[in-house]
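Okay everyone, thanks for coming. Let me put my structure up on the screen, and then we'll walk through a couple of spots together.

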Amino acid sequence: MSMPGHAPPVPAPPTLLEPDLLAADPAGLADVGRLVTELTREAASALRRRSGPLPALTPAELSRLVDAQLPEGPLPRTGGGRSAVLALARSFAAHTVDLADPRAAAHLQPPALSVAAAADVLASVFNPSLDTWDSGPYAVEIERRVIRSLADLAGYGPEADGVLTPGGTASNLQALLIARDTALGGRADVRGAGLTGLTVTPVVYCSELAHFSVARACAVLGLGEDAVRTVPADAEHRMIPAELARSLANRAAGELPIAVVATAGTTDYGSIDPLPEIAVVAARHGVRLHVDAAYGGGALFSDRLRPLLAGLDAADSVTIDLHKTAWQPAAASALLVRERRDLVASTGLRVAYLNPDDDGAEGYDGLLGHSLQTTRRADAFKVAATFLALGREGIGAMLDACHDLAGHAARTVEAHPRLELTTDPVLTTVVFRYLPHRAADAAADPAGIDEINGALRRRLLREGTALVGRTDVADSVRLKLTLLNPQATTTDIDELLTAVVRAGMSEETS
Ligand SMILES: Cc1ncc(COP(=O)(O)O)c(C=O)c1O
């Protein structure tokens with residue numbers, strides 16, 4: 001209430017993105033179209049001026065540039081309307097990673113398909129959620145069908161189910177939640193009493209090359225990272241089934257194995273654990289088998305590479321990241337389970353304000369009980385659009401093209417006197433290193449080689465000319481190409497490796 005004699009302050013009018021503020025009405029939708037056209041035009045012209053996959057700036061230089069461009073930060077008191085957004089788009093496109101550049105080859109982060117990106121815009125426009133039927137009816141049905149298609153590809157039967165999650169980390173977490181609850185006699189016991197009264201020690205088996213999300217999941221689930229029992233891998237970076245069997249047989253008194261996690265596509269090597277043999281060992285010990293196929297799951301789309309996943313259907317659950325080897329914008333990971341009942345036993349939920357029993361009985365049911373999330377994006381929409389547009393073979397051909405590029409890169413590395421191949425590629429990654437000029441010194445000074453390999457990668461980052469990955473092999477630095485651009489050519493790969501060698505030589509002489 002205003003005081004007599006004091007005029008109330010007049011609030012400044014908000015600056016709206018005229019003419020229409022809200023996306024999902026006909027006029028708003030037309031405006032989204034115009035705005036997307038303008039944004040993409042700005043982005044395209046910025047992209048054309050780029051000379052590499054990264055900006056040629058150090059992290060500190062980039063930070064100063066953003067400070068200069070957004071002096072008030074991204075939350076000024078009043079809005080700048082369309083022109084502010086266009087300027088941001090220009091700058092973003094000029095300075096973020098350009099994954100479509102064939103010299104971007106560091107991470108399991110593919111260039112997104114245009115059809116998926118466009119579909120994702122529409123998912124944002126309508127903003128449905130998958131938790132209840134009435135928050136996103138068609139989206140809920142689409143996700144059910146996407147999961148069904150993936151379950152069929154994995155060789156699962158009619159009892160299978162699954163859910164889309166924000167990533168392989170989240171899918172592995174949910175898989176181990178299910179494993180924990182199944183092994184400990186049902187969620188109710190664990191949820192009610194927690195893990196404090198346990199008389200057993202739950203443990204999880206995976207190869208020494210399993211993704212760190214397995215250990216993180218164990219920590220989140222109250223088992224502790226110490227619950228992970230790592231099994232040695234062979235020279236081809238695959239879990240050794242006999243070692244798994246030995247480890248299970250020799251476990252300490254009181255240990256309760258709740259899951260074996262096999263990896264189908266290790267992050268660095270793309271190696272695939274021997275699934276049929278591991279399934280036999282897990283079954284013999286009555287332990288659940290989860291397959292982390294976050295990376296390798298894409299092989300299901302390819303006639304050529306699918307045989308690598310033989311035995312996948314024996315797994316109780318599988319993680320497949322469509323934002324890795326199905327070229328989806330993040331996020332789009334799938335957790336598949338062979339038995340629907342295992343999934344809903346862990347996350348099934350009735351909530352009065354969302355999905356009461358009587359609504360559910362009449363079919364008004366969403367996917368709340370499938371997920372650890374409540375509000376959940378319709379990521380299935382872009383996936384369905386991609387599946388419909390390209391079909392299984394279209395996606396498979398993309399993976400085959402990247403697999404071919406990896407083969408070419410490996411042969412080129414092998415033939416180059418200054419490069420050393422660590423191991424033959426299985427999927428689309430190539431691990432190698434640069435050898436300094438005085439190769440004899442290499443053996444004498446392994447730390448020197450490590451230093452040069454680390455520095456040459458940073459030099460390429462700083463120049464913005466190439467983005468290669470890095471990892472460790474037995475505590476020694478290696479470089480890695482993660483090839484996920486199906487439009488790259490063998491010439492692109494040759495140029496990328498030439499850039500690596502040039503950067504290595506510059507580091508040696510600097
Ligand atoms: C084998 C494997 N599992 C899980 C993950 C985690 O996936 P996300 O980054 O989608 O959480 C990765 C990521 O690279 C991976 O390589």
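**Around the ligand**

So, start at T169: an N or O atom in its side chain sits 2.6 Å from an oxygen atom of the ligand. That's a polar contact, meaning a pair of N or O atoms within 3.5 Å. Quick housekeeping: this is a predicted model, where local features need pLDDT of at least 70, side-chain atom pairs count only at pLDDT 80 or more, and totals for chains, interfaces and linings use all residues. Residues are numbered from 1 along each chain as its sequence is written, and side-chain values use heavy atoms, with hydrogens and water left out.

Back to the ligand. D321 has a side-chain N or O atom 3.0 Å from a ligand oxygen, and K324 also places a polar side-chain atom 3.0 Å from an oxygen of the ligand. On its own the ligand has 390 Å² of accessible area, and the protein covers 82% of that (Shrake-Rupley method, 1.4 Å probe).

How many residues surround the ligand? There are 14, with G168, T169, T267, D292 and H323 the closest; to count, a residue needs a heavy atom within 4 Å. Helix α6 gives the largest share, three residues. Helices here are DSSP runs of H or I, at least four residues, and strands are runs of E, at least two, numbered from the N terminus.

**Over to a hairpin**

Strands β11 and β12 make a hairpin with two residues between them, and A474 in the turn has a positive phi of about 45 degrees. R470 has L479 in β12 as its bridge partner.

Methods:
Polar contact = N/O pair within 3.5 Å; in protein donor to acceptor, adjacent residues only side chain to side chain. Pairing = 2+ DSSP bridges.
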